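Visitor: I would like a close look at a single part of this structure, taken slowly and with the reasoning laid out. Could you choose one part and stay with it before moving further along the chain?

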Amino acid sequence: MERLANVALAGLSLAPLVVNVDPNLNVVLTACLTVFVGCYRSVKPTPPSETMSKEHAMRFPLVGSAMLLSLFLLFKFLSKDLVNAVLTCYFFVLGIAAFSATLLPSIKRFLPEKWNEDLVIWHFPYFRSLEFEFTRSQIVAAIPGTMFCVWYAKQKHWLANNVLGLAFSIQGIEMLSLGSFKTGAILLAGLFVYDIFWVFFTPVMVSVAKSFDAPIKLLFPTSDLKRPFSMLGLGDIVIPGIFVALALRFDVSRGKGPQYFKSAFSGYAVGVISTIIVMNWFQAAQPALLYIVPAVIGFLAVHCIWNGDVKPLLEFDESKTQSTEEVAAEESKKVE
């Protein structure tokens, strides 16, 4: 299923090059497929070692606001070309890492086992205490990653922007963990207010999104010459996506099928569709989290209450979940 979603996402990304694709449909399908792929990639034998605390979730909207306002002021008082040149260098390095990590699972299948497992330790010249660990498989994956990022830096083509944006989104959903649904609810509630404030009450969000020439948003070609692209911020994919991924890992931890994942994912799809409908109705930019957050939490809450699983869902803490290796070790000790 995940492989099919990967193929569909790749085909959908390339389709506007050869056929006219309705941008509204493209936004909905791309966002949903990205979340789907990221969620299934996040399911691993070992639970995440780093999880977000409630305190971090509370501070996140404040930190995000400070960064957003800082970018707005930089674009206002400095040369836009200079700011974007610096950001291009920054995202060039990040893009290699994200694109390579996204390709790695597919590349590893064709490489020797030793290349996937044996670590190479490289010490920085003159700073021997600083070291960098990697496998030869990661070096192989970094070659197409570097070539692709060079193309992005030179051409700034919308397809290159989208591929890097999708890689960032998938890696974000795969690697980030909320830890618990309580923390997730705090984070989504805070960013719900954050998105509404910066879009409806200030020109900051829209201004930064239009000025920021970096893969922090997905671009969808339109037939309108005045507005050649529709945009969707990566935050509208990653933030709800890590909550939906938590629902999938909750299902897996209980040894059941994707029960609550389906309801959370359905809520995300409804939220994105609602955003598109309202945006076209009013012909104005909309804070996507205004519609996505209530839909995701609402669908999951109703399903959970209906099944009587409120207590286990609220008590679920991924940071305290044992890995499959630890469970197997305990079971072997009991047998002995």
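Guide: What follows looks closely at the first helix, and then turns briefly to a pair of strands. The model is a predicted one, and the helix in question, H1, runs over residues 2-14. Its 13 residues should span 18 Å at 1.5 Å a residue, and since the end C-alpha atoms are 19 Å apart, the expected span and the model agree. Within H1, the buried residues are Ala 5, Leu 9, Leu 12 and Ser 13. Seen down the axis of H1, these buried residues fall within an arc of 100 degrees, so they line one face of the helix. That buried set packs against two other helices, H2 (23-41) and H7 (158-175), whereas the face of H1 turned away from the buried side carries Arg 3, Leu 4 and Val 7, which are exposed.

Further along the chain, an unreviewed UniProt entry annotates several spans as "transmembrane region", including residues 229-248. In the model, that span is 70% helix and 25% strand, with its end C-alpha atoms 33 Å apart. Strand S4 takes up residues 229-233 and pairs with strand S3 (residues 217-221) in the antiparallel sense over 5 bridges; Met 231 of S4 is the bridge partner of Leu 219. In a regular strand the side chains alternate between the two faces of the sheet. In S4, Ser 230 and Leu 232 form the covered face, while Phe 229, Met 231 and Gly 233 form the uncovered one.

Notes
Residues numbered from 1 in each chain as written. Predicted model: local features only at pLDDT ≥ 70, side-chain atom pairs only at ≥ 80, totals over all residues. Heavy atoms only, no water. Helix = DSSP H or I, 4+ residues; strand = E, 2+ residues; numbered from the N terminus. Expected span 1.5 Å × (residues − 1). Buried < 20%, exposed > 50% of the residue type's maximum accessible area, 1.4 Å probe, protein only. Arc of directions from axis to C-beta. Contact = heavy atoms within 4.5 Å. UniProt positions renumbered as here; feature names shortened; annotations may be inferred. Pairing = 2+ DSSP bridges.
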